[in-house]
Amino acid sequence: MDAAGYPPMQGSGSASASCRAADYSAAWDAAQQQKRQRCQDSSSSDQVGSSTENKSLEASGAELKFEYGKNEEEDYYFEDDDYGCYDEDDEDGSEYELDPTDYNQLLADKFDHLDLPPGVEATVPWLQKVERDVPGKFKSMSEIEEEIAKKYNFFKQFDTVEDFSDHHYAKTSVGKARKEWAKRIQHEWSLLEKDLPALIYVRVSENRMDLLRAVMIGPQGTPYHDGLFFFDAQFPASYPATPPVVYYHSGGLRLNPNLYACGKVCLSLLGTWQGFSCEKWNPAQSTMLQVLISIQALVLNEKPYFNEPGYERYANSPEGLWSALDYNDTTFQHSCRTMLYSLRRPPQHFEDLVAGHFRERGRAILAACKFYMEGHEVGSKVPEEDEDKKENQDGEGSSSSSVALTQQNKPALRANRNASFKPNLEVLFEELLMEFNVKGADTAKFRAQKLKNQQAAA
């Protein structure tokens, strides 16, 4: 006899298993019957009756628990050695596992007391929650694109915000503001709001009047076209006796002789470079608006190579021209990397502008990349796709004349270009294509061409 009072499992193992399975089944049915009885009587029985029934159930539960614990070791032995060894005629062997009918009954018990009209099915709460939450959590691409376009169209050229937690000078305090200082800053705000030129957007802080952030869109015809270039400025406590300090968000890239990789902006007006007296800061006349316009016009120009002091003397020489074109190639690649930097980490309060701008200009930027990789000069005019479509829709005679005219006006290809330009730009093109596509830009043409090339290569 073992600890549970059963004989050793030799010879009579099958009979013993059947008896024990029957005992378990009877105990399980008794417990379930008591549970149903308790649920049915709970609404009509008084407190004394309920207490009596609970005591009965507790006694039964204790008994079941005792039997389960008592035979735990032996149960394990049966499952380990006798699994799959029942006779084909032994129907009691299936009692070892939970009968599906019992499981279904347990599930049905949960809905026994729901007063539902005939034909109405009960719902499982956690399933209902999932179905309710999923549609509100995910938006379709069309909804996302529509939201981006709406925010971009309503983005103001000048506006005030509460703070700049990611501003370069956020941790640099100017101390207690003087009345004259605050009045001059408000005058600067008024000028910026009224006279900001196109392609410049500004945000100033209500809580930190000394902070300002501006972004410039690169002008067409330059290696900076369609790029976004961010600048953080701070009005020092001595302003306007001294000029503002300005930091360029370079991303570690130097794409202009006046814009250092460390963020320094080299400009006579800011006192960061020597210049003539008329080019330096004048407390009575100079303004922040003048600083922004100078950066846009003097720095982001067609041939930034000649911004380097002393290089202007080579502007008309073949060597100087070749160096300027080569510098433009490098500058455009840096500009593309800056685009990726802005897309992945848009500066605070300009997230909507970044998303909307590249959604609108993404196709043109990709077209320019393709055009430059064909051998054309960076900054040269990229043929409009609308003109190509028009040529295809014209008749044969007009089409041939249009093609001849287009070939005549087509700029010459660059010679002796650095061999690394095309493969480097190809890599940037693929990254930009992916990012622009996420923002909802019209990239269908380029994706189709990519798929066609992949199929041809396969």
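Which side chain does Arg 344 meet in a salt bridge? Hi everyone, let me answer that one straight away, keeping in mind that we are looking at a predicted model. The partner is Glu 431, with an N to O distance of 3.1 Å. This pair links distant parts of the chain, since Arg 344 sits in helix 9 (residues 318-344) and Glu 431 in helix 13 (residues 421-438), 87 residues apart. As for the surroundings, Arg 344 is partly exposed at 45% relative accessibility, and Glu 431 is partly exposed too, at 27%.

Stepping back for a moment, the structure holds 13 salt bridges, and I would like to show you a couple of others.

Next up is Asp 166 with Arg 213, whose side chains form a salt bridge at 3.1 Å, N to O. Asp 166 belongs to the loop between strand 1 (158-161) and helix 7 (179-195), while Arg 213 is part of strand 3 (residues 211-217), so the bridge ties together parts that are 47 residues apart in sequence. Is each partner buried or exposed? Asp 166 has 34% relative accessibility, so we call this residue partly exposed. Arg 213 comes out at 0%, which means buried. There is also a third member to mention: Asp 166, Arg 213 and Asp 232 are linked in a network of salt bridges.

Finally, let's go to helix 7. Here Glu 188 and Arg 184 are four residues apart, so about one helical turn separates them. Their side chains meet in a salt bridge at 3.4 Å, N to O, and both Glu 188 and Arg 184 are buried.

Thanks for listening, everyone!

Definitions and conventions
Residues numbered from 1 in each chain as written. Predicted model: local features only at pLDDT ≥ 70, side-chain atom pairs only at ≥ 80, totals over all residues. Heavy atoms only, no water. Salt bridge = Lys/Arg side-chain N within 4 Å of Asp/Glu carboxyl O. Helix = DSSP H or I, 4+ residues; strand = E, 2+ residues; numbered from the N terminus. Buried < 20%, exposed > 50% of the residue type's maximum accessible area, 1.4 Å probe, protein only.
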